[in-house]
Amino acid sequence: MEIGSSVVFTIPLFGGIPITETIVVEWIIMAVLILGAAVVTKGWKLVPEGAQNVVELMVEGFNKFVEGALGEHWRDYAPYLGTVAAFLILANTISIFGLTPPTKDISTTSALAIMSITTVIIASIRARGLKGYVKHFFKSPINLFINVLDLFTRPLSLAARLFGNIFAAVTIMELIERAVPIVVPAVFSLYFDLFDGLLQMLVFVFLTMLYIEEAIE
């Protein structure tokens, strides 16, 4: 089991830009999400019916979930949190279709963590104003130490937790498939590929939402 991602091909620009398996799978996921959104929302009506009903119920349920934590600020952050959730649902469970989860690559989880922490910082600045944010950040030596520490520990925690759990799940499934290649892997796949992938999505989104909630208090 390799921690890194293998290079699939190289773009002959600027001395060669390596495109890894992780990037290719991420492109596939983005294409599925974009095409899926285009197909699902095509021909929507003012009075929902069929698939539109299901999608609207899911979106409304997620919005209520975010609103319960962020209150009146939910509209500002629900789109980001929903997009991350949709990406992670596919990214964490795509091994069911024989592809390697991009979240098994620390570069992917690190990028997601940096995006989330950047969103948290922006949320704090929007809530307090730039002057208020700086004043809060440098409130006292202890406060400064804690805030600086948070800037490093929070994204590290988000990235490491997601990467570690997905990497472990993929590794365990590979060991099971080698030991008992028939029937048994399909049973364990329900947990390690599906349930655990969805659970890690919920954990990542919930922690990001929690950090945003603290930032706008």
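**Exercise 1. The enclosed space**

Task: Find how many cavities of 30 Å³ or more the whole structure holds, and state which residues line the largest cavity.

Solution.
- Step 1. The model is a predicted one. A search of the whole structure turns up 1 cavity of 30 Å³ or more.
- Step 2. Take its volume. The largest cavity has about 40 Å³.
- Step 3. List the lining. Leu158, Arg161, Leu162, Gln200, Val203, Phe204 and Leu207 line the largest cavity.
- Step 4. Assign the elements. Helices α5 (141-179) and α6 (184-216) each supply at least two of the lining residues. The most come from α6, with 4 residues.
- Step 5. Sort by class. The lining of the largest cavity has 5 nonpolar, 1 polar and 1 charged residues.

**Exercise 2. The open space**

Task: Describe the largest pocket by its volume, its lining and the elements behind that lining.

Solution.
- Step 1. The largest pocket holds about 830 Å³ of space.
- Step 2. Its lining has 22 residues. Val55, Met58, Val59, Gly82 and Ala86 are the ones that lie nearest the centre.
- Step 3. The elements giving two or more residues to this lining are α1, α2 (51-70) and α3.
- Step 4. Which element gives the most to the lining of the largest pocket? Helix α3 does, with 10 residues.
- Step 5. By class, the lining of the largest pocket splits into 16 nonpolar, 5 polar and 1 charged.

**Exercise 3. The length of α1**

Task: Check the end-to-end distance of helix α1 (residues 21-41) against the span expected at 1.5 Å a residue.

Solution.
- Step 1. Count the residues. Helix α1 has 21.
- Step 2. Get the expected span. It is 1.5 Å times one less than the number of residues, and for α1 this gives 30 Å.
- Step 3. Compare. The end C-alpha atoms of α1 are 30 Å apart, which agrees with the expected span.
- Step 4. Look past the end. Just after α1, Gly43 takes a positive phi of about 70°.

**Exercise 4. The two sides of α1**

Task: Work out where the buried residues of α1 sit around the axis, and what covers them.

Solution.
- Step 1. Recall the geometry. An α-helix has 3.6 residues a turn, so residues three or four places apart point the same way.
- Step 2. Pick out the buried residues. In α1, Thr22, Val25, Glu26 and Ile29 are buried.
- Step 3. Use the arc. These residues cover only 105° around the axis, so they lie on the same side of α1.
- Step 4. Turn to the other side. There, Ile34, Leu35 and Val39 are exposed.
- Step 5. Find the cover. The buried residues of α1 are covered by elements including β2 (17-20), α3 (74-93) and α4 (106-137).

**Exercise 5. Four residues, three classes**

Task: Decide whether Leu35, Glu67, Thr20 and Thr108 are buried, partly exposed or exposed.

Solution.
- Step 1. Set the cut-offs. Buried means under 20% relative accessible area, exposed over 50%, and partly exposed in between.
- Step 2. Leu35 belongs to helix α1. Its relative accessible area is 58%, so Leu35 is exposed. Its C-alpha atom is separated by 36 Å from that of Thr153, 118 residues apart along the chain.
- Step 3. Glu67 belongs to helix α2. Its relative accessible area is 31%, so Glu67 is partly exposed. The C-alpha atoms of Glu67 and Tyr77 are separated by 9.5 Å, with their positions 10 residues apart along the chain.
- Step 4. Thr20 lies in strand β2. At 17% relative accessibility, Thr20 counts as buried. Leaving out residues up to four places away in sequence, Thr20 touches Ser5, Ser6, Val7 and Val8.
- Step 5. Thr108 lies in helix α4. At 5% relative accessible area, Thr108 is buried. With the same sequence neighbours left out, up to four places away, Thr108 touches Thr22, Glu26, Phe87, Pro102 and Thr103.

**Exercise 6. The whole chain**

Task: Summarise the protein chain by its elements, their order and its extent.

Solution.
- Step 1. Count the elements. The chain has 6 helices and 2 strands.
- Step 2. Read them along the sequence. The pattern is β-β-α-α-α-α-α-α.
- Step 3. Box the C-alpha atoms. Along the principal axes they fill roughly 60 × 50 × 40 Å.
- Step 4. Take the buried share. Of the 217 residues, 33% count as buried.
- Step 5. Check the contact range. Among contacts between residues at least 6 apart in sequence, 65% join residues at least 24 apart.

Technical notes:
Residues are numbered from 1 along each chain as its sequence is written. This is a predicted model: local features need pLDDT of at least 70, side-chain atom pairs count only at pLDDT 80 or more; totals for chains, interfaces and linings use all residues. Side-chain values use heavy atoms; hydrogens and water are left out. Buried means under 20% relative accessible area, exposed over 50%, partly exposed in between (1.4 Å probe, protein chains only). The arc is that of the directions from the helix axis to the C-beta atoms. Contact means heavy atoms within 4.5 Å. On a 1 Å grid over the protein atoms alone, a cavity is a set of points where a 1.4 Å probe fits but cannot get out, and a pocket is an open set with protein on both sides within 12 Å along at least five of seven lines; lining residues have an atom within 4 Å of a point. Grid points are joined across faces, edges and corners, and a volume is the space filled by probe spheres set on the points. Ala, Val, Leu, Ile, Met, Phe, Trp, Tyr, Cys and Pro count as nonpolar, Asp, Glu, Lys and Arg as charged, and the others, Gly among them, as polar.
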